[in-house]
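Visitor: I am new to this structure and would like a close look at a single part of it. Please take the largest cavity, and then set it among the other features of the chain.

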Amino acid sequence: MKLRNLFFGLLAFSAFACTDLEEELQSTLSGDAGDAILQDNADVDALLLGAYESLRTPMQDQSRLWAAQEHTTDEVIGPTRGGDWDDNGIWRVLHNHTWDADHAFLSDTYRELLATQFASTDILTFNPTAEQAAQARFLRAFSVFLVADAWNQVPFRNINADGVIDLSSDPEVLVGDEAIAYVISEVEAIQNDLPDGPAYLANKDAAKVLLMKAHLNRGTIKDRANPSFPSEDMAKVIDLGNQIINSGSYSLSDNMFDNFAPNNDAISTENIFTAENRGGVSSGNVRARWFCTLHYNQNPSGWNGFTTISDFYNKFDAADQRIGGAYPSMTDVSGINAGFLVGQQFDQDGNALEDRKGNPLAFTPEVALVESGDNLEVTGIRVIKYPIDYASGDNVDNDYVYYRLSDVMLMVAEAAHRIGDDATALDLVNQIRTKRGVAALTSIDPDALIDERGRELYWEGHRRTDLIRFGKFLGTWNEKPASGNERLLFPIPTIQLSVNPNLVQNPGY
């Protein structure tokens, strides 16, 4: 076996831990005589691809960051349906804000995002080109931002003056505003070395969006219970966003769902930063976005799980394109529409579908956290944000969307409103609304802004962060009671506390 292949195998194994295991890995592969051999043989492009793909599970799987960002909000509920989807209550505690430090999905997400940070840093020890190093450092900063946003504390290692990762002590911990300051300085330092594209690579415009998110959320991460929006941060958001909007490189798609389609790499006019999924070859679990919501008797046979709640659905105007409808190469294949599935469902020939008991498969707006009775299979409005890929088998072709133009426009609108420029905010929001087929607003306020972000970005993994920034995350919605300030952060996983004494448990846990 070549030493390089041994390295790849160990690096893959290292994704299962980012504390004691990473020390075993690096004590073997860095800082000794074998290091020079590895650096001579390392295929940095392959290592960089591995770093990109290390984000697949924590970002695309239905149980990881998406669950943390969506199941804890008013956009998603995961009802237990008889014996289905109980999973020892792991979904219910997310919805009810009663998770603890041993929640398996939250713990796995924390660990896997740190694995991306570690894999990205390790690339820097293998003599990458300036562009390769910039991409690795972007992925590291991306990971740091996501962890800081959700947990506030980010274990961090860098390479030392000898060009290796120092494993002689426990990782330092970047906390809150310190982590955001790192993200800003790091991305500013490397953005000119990033490629111009394509969207599935860390690119110059992706760097601008990450900087926008860091500046927009900086005052919130500093004090989540009392978010602030310093004018200098809002000015940065506006300047960076306008650079993207005015670049001529992007435009609002005629059909929003094109941004998520199996061929979205070719037809989207909005996507700025994505995760590449190679149809029929290699992909993450983006297909979970439709499997987790479709009924068993639909095509494909889904897992009959997650839905949205009626109060969120009712935020949409009846004419809103984003509610959905027939989508080519999906509805004609299966009868399934894009967007929200409510009411009687049909196959591709117009035949009414039934549930497993022979009742009409008609999805109801009403849904409970624990379902029982004859209608337990049909409660809840289902959501198809990513049109289904029927051609590629298990490795579907839909690239997973991290950043797109409409998010940029809404961030600029929000920042403009927060510094008193409502005319700019209203114009940007109405550009999106007009494109989506709904009437323009006549005024703008925080409620209008957070509602528009929900209508445009639903089920894309932004909602928790948005609700916290707008001061709405601790409120009540379908079966969720009011929650305490401790829920503005997730707890540091117990296993992480046991291996890194520089971490402390977040307040209230």
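**The largest cavity and its surroundings**

Guide: The lining of the largest cavity is made up of 13 nonpolar, five polar and six charged residues. The model is a predicted one, and the cavity has a volume of about 310 Å³. In total, four cavities of 30 Å³ or more are counted in the model.

The lining of the largest cavity consists of 24 residues, and those closest to its centre are Gln69, Leu146, Lys213, Gly461 and His462. Several elements give two or more residues to this lining. From the earlier part of the numbering come helix H5 (56-60), helix H6 (65-70) and helix H9 (130-151). The others are helix H11 (204-222), strand E11 (400-404) and helix H20 (463-469).

Helix H11, one of these lining elements, also bounds a loop that runs from helix H10 (177-190) and holds Pro198. Gly197 and Pro198 are joined by a cis peptide bond, with omega at about 0°. Another cis peptide bond leads from Asn299 to Pro300, and its omega is near 5°. Pro300 sits in the loop between helix H14 (288-291) and helix H15 (310-313).

A further backbone detail concerns His97, in the loop between helix H7 (92-96) and helix H8 (104-123). The phi angle of His97 is near 60°, which is positive although the residue is not glycine.

Next comes a pair of helices. Helix H18 (residues 422-435) and helix H19 (residues 446-457) have axes that come within 12 Å of each other and cross at roughly 35°. The crossing of H18 with H19 is left-handed. On the H18 side the contact is made by Val429, Ile432 and Arg433, and on the H19 side by Leu449, Glu452, Arg455 and Glu456. These contact residues comprise three nonpolar and four charged ones, with no polar residue.

Last, the confidence of the prediction. The protein chain has an average pLDDT of 92, and 92% of the residues score at least 70. Among the elements of the chain, helix H17 (residues 405-418) has the highest mean pLDDT, 99, and helix H1 (residues 3-14) the lowest, 35. Over residues 1-41 the pLDDT is below 50. Beyond near neighbours in sequence, that stretch has 57 contacts in the model.

Note on methods: Residues numbered from 1 in each chain as written. Predicted model: local features only at pLDDT ≥ 70, side-chain atom pairs only at ≥ 80, totals over all residues. Heavy atoms only, no water. Axes fitted to C-alpha atoms, helices over the stretch in contact; angles between N-to-C directions. Helix = DSSP H or I, 4+ residues; strand = E, 2+ residues; numbered from the N terminus. Left-handed = near helix turned anticlockwise from the far one by under 90°. Contact = heavy atoms within 4.5 Å. Nonpolar A, V, L, I, M, F, W, Y, C, P; charged D, E, K, R; others polar. 1 Å grid on protein atoms, 1.4 Å probe; cavity = no way out; pocket = protein on both sides within 12 Å on 5 of 7 lines; lining within 4 Å. Points joined across faces, edges and corners; volume = space filled by probe spheres on them. pLDDT = per-residue confidence, 0-100.
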